[in-house]
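Subject: Structure handover

Hi,

Here is the structure I promised to pass on. Please open it beside this email and follow along.

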There are 2 protein chains.
Amino acid sequence: MDNRLDALFAALADPTRRAILTMLLEDDMAVTDVAEPFQMSLAAISKHLTILTRAGLISQEKRGRVKWCKLEPDTMRDVTVWVQGFGQFEPVHLDAFERFLAAEFAEPGETG
Amino acid sequence: MDNRLDALFAALADPTRRAILTMLLEDDMAVTDVAEPFQMSLAAISKHLTILTRAGLISQEKRGRVKWCKLEPDTMRDVTVWVQGFGQFEPVHLDAFERFLAAEFAEPGETG
DNA sequence: GGCATATTCAACCTTTCGGTTGACGATTAT
DNA sequence: ATAATCGTCAACCGAAAGGTTGAATATGCC
């Protein structure tokens, strides 16, 4: 990982890690709680969190025996900056992403 | 799940491939010409181009015995959409992008 | 036809990735 | 004190990534 962008894009290339990031969009979470919805060991999730931390996409703070994971969305700006150099700065509406989130965290009784 | 973003981010995670993309920002190029500035075999570059093609970031068209590589910047919009869901949609200036390019090209170490 | 050019294929190698398991240090609860 | 919980570490594994080399396939040129 010689370059910052290497670590960033590589971190984002894994679906488990992207799912973790969207989970953290809701709220800070303990490692165990992050792991809960996944069908893999806690150790595996712990590794994913380390990768996300090294990429700067999250930060981890230990309070007591619980390690809290916090999204660091500013880091994604590096991605945006790089990508937008290719001319993709047309108005990007959040529609698609919001629909995705809405579906992901859908609550009963809520109508679009 | 969405294999699409996996392939996209993974393709962007390699510095050689990102360098190729920025080269193609200038103009369409033949495979041999793409390979020229790199210290690796033509076969290696060919593989990188295949990965970029499968990710949708470039297209390749064979005319005669020359295969032309063309940037497909629209594909990066998928990245933008996903990333901007995290709130990083402040105005991005190309100044910043150019600094990134300078940093990218300073890294490899062939020139100094 | 015969040869050079352009690109990929196939086989191989080494390193990294994503996962597992079991043991461990640290903290909290009983 | 003892037990349970939280999270990481270490060793291991199979698969994939990124590279090499040499042969193969097209295509263009004389």
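**Contacts with the DNA**

A backbone N or O atom of Val31(B) lies 3.3 Å from a phosphate oxygen of DNA strand C. Keep in mind that this is a predicted model. Two further contacts go to phosphate oxygens of this strand. A polar side-chain atom of Ser46(B) sits 2.3 Å from one. A polar backbone atom of Lys67(B) is 2.8 Å from one.

Which elements give two or more residues to the surface near DNA strand C? In chain A it is helix H4 (42-54). In chain B they are helix H3 (31-35), helix H4 (42-54) and strand S3 (66-71). H4(A) gives the most, with five residues.

In total, 23 residues surround DNA strand C. Among the closest are Lys47(A), His48(A) and Thr32(B). By class, this surface has ten nonpolar, six polar and seven charged residues. Now look from the DNA side. Of the strand C atoms within 4 Å of the protein, 66% belong to sugar or phosphate. The rest belong to bases.

**Salt bridges**

Side chains of opposite charge can pair when their charged atoms come close. How many salt bridges does the structure hold over all chains? There are six.

Start with Asp78(A) and Arg4(A). Their closest N and O atoms are 2.9 Å apart. This pair links distant parts of the chain: Asp78(A) is in helix H5 and Arg4(A) in helix H1, 74 residues apart. Asp78(A) has 16% relative accessibility, so it counts as buried. Arg4(A), at 46%, is partly exposed.

Next, Arg18(B) meets Asp6(A) at 2.6 Å, N to O. Arg18(B) lies in helix H2 of chain B and Asp6(A) in helix H1 of chain A, so this salt bridge joins two chains. Both partners are buried: Arg18(B) at 0% and Asp6(A) at 7%.

Arg63(B) and Glu61(B) also form a salt bridge, at 3.2 Å. Arg63(B) is partly exposed at 48%. Glu61(B) is partly exposed too, at 45%.

**Helix H2 of chain A**

This helix has twelve residues, 15-26. Its expected span is 16 Å, and its end C-alpha atoms are 18 Å apart, which agrees. At its start, a side-chain oxygen of Asp14(A) reaches to within 2.9 Å of the backbone nitrogen of Thr16(A). The buried residues of H2(A) include Thr16(A), Ile20(A) and Leu24(A).

**Cysteines**

Cys69(A) is buried at 0% relative accessibility. Cys69(B) is buried at 0% as well. A search of the whole structure finds zero disulfides.

Best wishes

How values were computed. Residues numbered from 1 in each chain as written. Chains lettered and ligands numbered in written order. Predicted model: local features only at pLDDT ≥ 70, side-chain atom pairs only at ≥ 80, totals over all residues. Heavy atoms only, no water. Near = heavy atom within 4 Å. Polar contact = N/O pair within 3.5 Å; in protein donor to acceptor, adjacent residues only side chain to side chain. Helix = DSSP H or I, 4+ residues; strand = E, 2+ residues; numbered from the N terminus. Nonpolar A, V, L, I, M, F, W, Y, C, P; charged D, E, K, R; others polar. Disulfide = S-S within 2.5 Å. Buried < 20%, exposed > 50% of the residue type's maximum accessible area, 1.4 Å probe, protein only. Expected span 1.5 Å × (residues − 1). Salt bridge = Lys/Arg side-chain N within 4 Å of Asp/Glu carboxyl O.
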